[in-house]
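Subject: The structure we talked about

Hi there,

Here is the structure I promised to pass on to you. Have it open while you read, and turn it around as you go.

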Amino acid sequence: MNSSIFRQIFLWLIRPFSFLLTLNGRNRMNRLFPMRNPILWLVLLTSLLLTGCVKYDVGLNFDNSNSGELVQHIKLGERLTSFSGDSVYEWLNSIERRARQLDGKTQRVSQEEIIVTIPFSSGRELQEKFNEFFNSRANQPSDSVGSQSDSELPKIESNVLLEQNNFLLLVRNRLIYDLDLRSLSLIASKGNVLANAGSILDLEFSLKTPWGAKNIQLTETAIEPEKNGNRLVWKLQPGELNHIEAVFWLPSPLGIGGLLIILFVWGGLYLRYNFMPDPRIQFSPKAAAIQEQ
């Protein structure tokens with residue numbers, strides 16, 4: 001089923017180059033590189049033409065346990081936009097609409113590039129907004145594209161979980177992110193891989209915290225992130241099940257605020273009873289009588 005879907009997609013993408021598959025052109029190609037399956041030629045040609053077509057960066061930026069942003073930077077290559085036309089721009093427009101529904105804002109750098117910022121104020125709100133934005137239904141195009149194209153789109157499962165433990169002044173966070181990109185693997189009907197989706201898609205996930213984060217590598221095949229200051233960056237692998245875990249600490253504004261209030265009250269009492277007259281003596285009946293005389 002998936003092979004037929006991707007075959008239709010690639011045939012549609014390389015329609016402008018259909019002259020290469022004319023009888024004379026095919027004979028010349030067969031003489032140079034004999035190959036029985038013409039679909040394989042189509043996929044190889046398309047993978048070369050569409051290298052680096054989609055750059056999609058998703059980042060979580062934390063300021064503290066009660067403040068952060070979900071940032072997405074999407075940039076489409078000129079080759080993809082020239083082939084796909086209005087459907088690609090409709091997809092970017094749908095991203096803008098979903099961001100506004102989640103109280104986010106968008107910056108349209110160009111017609112092919114967009115930056116989306118969605119704020120969150122707690123771990124639960126992050127989970128709700130992240131999973132609502134990236135669920136499979138939201139990734140589908142609007143009705144204007146057509147029901148047939150909806151059924152042909154591969155489903156991508158995305159889920160983020162943030163476990164938080166409060167230690168008064170600090171909050172320990174454990175981030176778990178699962179992204180199933182196995183539906184993006186380009187497989188032929190006989191199980192032979194025709195092209196690598198990684199040559200077309202450039203996907204990254206990043207995590208930025210005030211004091212940095214520690215990656216938890218459960219298996220040897222787990223993705224090893226790149227460290228850039230207080231930011232960890234994972235290169236996501238199309239065609240695979242991506243699992244990411246990280247632990248990081250954040251300051252707790254509520255705990256710090258409570259501690260400051262306690263210190264302020266204690267400081268006031270200390271000054272009142274150590275550097276000022278005792279109010280019990282100052283306002284006693286005897287002192288009041290002396291003041292009246």
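Below I go through what was found, starting with the helices and ending with the charged pairs.

Please keep in mind that this is a predicted model.

**Two helices**

Let's begin with helix 5, which covers residues 86–101. At 1.5 Å a residue, its 16 residues should span 22 Å, and the C-alpha atoms at its ends are 23 Å apart, so the two values agree. Which of its residues are buried? They are Val88, Tyr89, Glu90, Leu92, Ser94, Ile95, Glu96, Arg98 and Ala99. Notice that charged names such as Glu90 and Arg98 are on that list. Just after helix 5 you will find Asp103, which has a positive phi of about 60 degrees.

You can do the sum again for helix 6, residues 123–134. Its twelve residues should span 16 Å at 1.5 Å a residue, and its end C-alpha atoms are 17 Å apart, which agrees. The buried residues here are Gly123, Leu126, Gln127, Lys129, Phe130, Asn131, Phe133 and Phe134.

**The nonpolar core**

Phe130 comes back in the largest nonpolar core, a set of 43 residues. Phe130 is among those with the most contacts inside this core, together with Leu60, Phe62, Phe205 and Leu207. Strand 1 (residues 54–64) gives the core its largest share, five residues.

Leu207 is a good residue to click on. What does Leu207 touch, leaving out residues up to four places away in sequence? Its partners are Leu60, Phe62, Leu175, Ala213, Asn230, Arg231, Leu232, Trp234, Ala246 and Phe248.

**A nonpolar patch on the surface**

Nonpolar residues turn up on the outside too: a surface patch of about 960 Å² is made by Phe167, Leu168, Leu169, Leu170, Trp211, Trp249, Ile256, Leu259, Leu260 and Leu263. Helix 9 (residues 253–274) supplies the largest share of the patch, four residues. Leu263 sits in helix 9. Why does Leu263 count as partly exposed? Its relative accessible area is 47%, and that class runs between 20% and 50%.

**Salt bridges**

How many salt bridges does a search of the whole structure find? There are nine.

One of them joins the side chains of Lys55 and Asp202, at 3.3 Å from N to O. This pair links distant parts of the chain, as Lys55 is in strand 1 and Asp202 in strand 9 (residues 201–208), 147 residues apart. Lys55 is partly exposed at 30% relative accessibility, and Asp202 is partly exposed at 24%.

Asp202 also forms a salt bridge with Lys235, where the closest N and O atoms are 3.6 Å apart. Because Asp202 lies in strand 9 and Lys235 in strand 12 (residues 231–235), this pair ties together parts that are 33 residues apart in sequence. Lys235 counts as partly exposed, with 34% relative accessibility. Lys55, Asp202 and Lys235 belong to a network of salt bridges that also includes Asp57 and Glu204.

Elsewhere, Asp180 forms a salt bridge with Arg182, and their closest N and O atoms are 2.8 Å apart. Is Asp180 buried or exposed? Asp180 counts as buried, because its relative accessibility is 17% and the cut-off for buried is under 20%.

Enjoy exploring, and write back with any questions!

Best wishes

Conventions. Residues numbered from 1 in each chain as written. Predicted model: local features only at pLDDT ≥ 70, side-chain atom pairs only at ≥ 80, totals over all residues. Heavy atoms only, no water. Helix = DSSP H or I, 4+ residues; strand = E, 2+ residues; numbered from the N terminus. Expected span 1.5 Å × (residues − 1). Buried < 20%, exposed > 50% of the residue type's maximum accessible area, 1.4 Å probe, protein only. Core = buried A, V, L, I, M, F, W, Y, C linked by side-chain atoms within 4.5 Å. Contact = heavy atoms within 4.5 Å. Patch = residues over 30% accessible without salt bridge, like charges linked within 9 Å, V, L, I, M, F, W, Y side chains within 5 Å. Areas by Shrake-Rupley, 256 points an atom, 1.4 Å probe, with all protein chains shown as cover. Salt bridge = Lys/Arg side-chain N within 4 Å of Asp/Glu carboxyl O.
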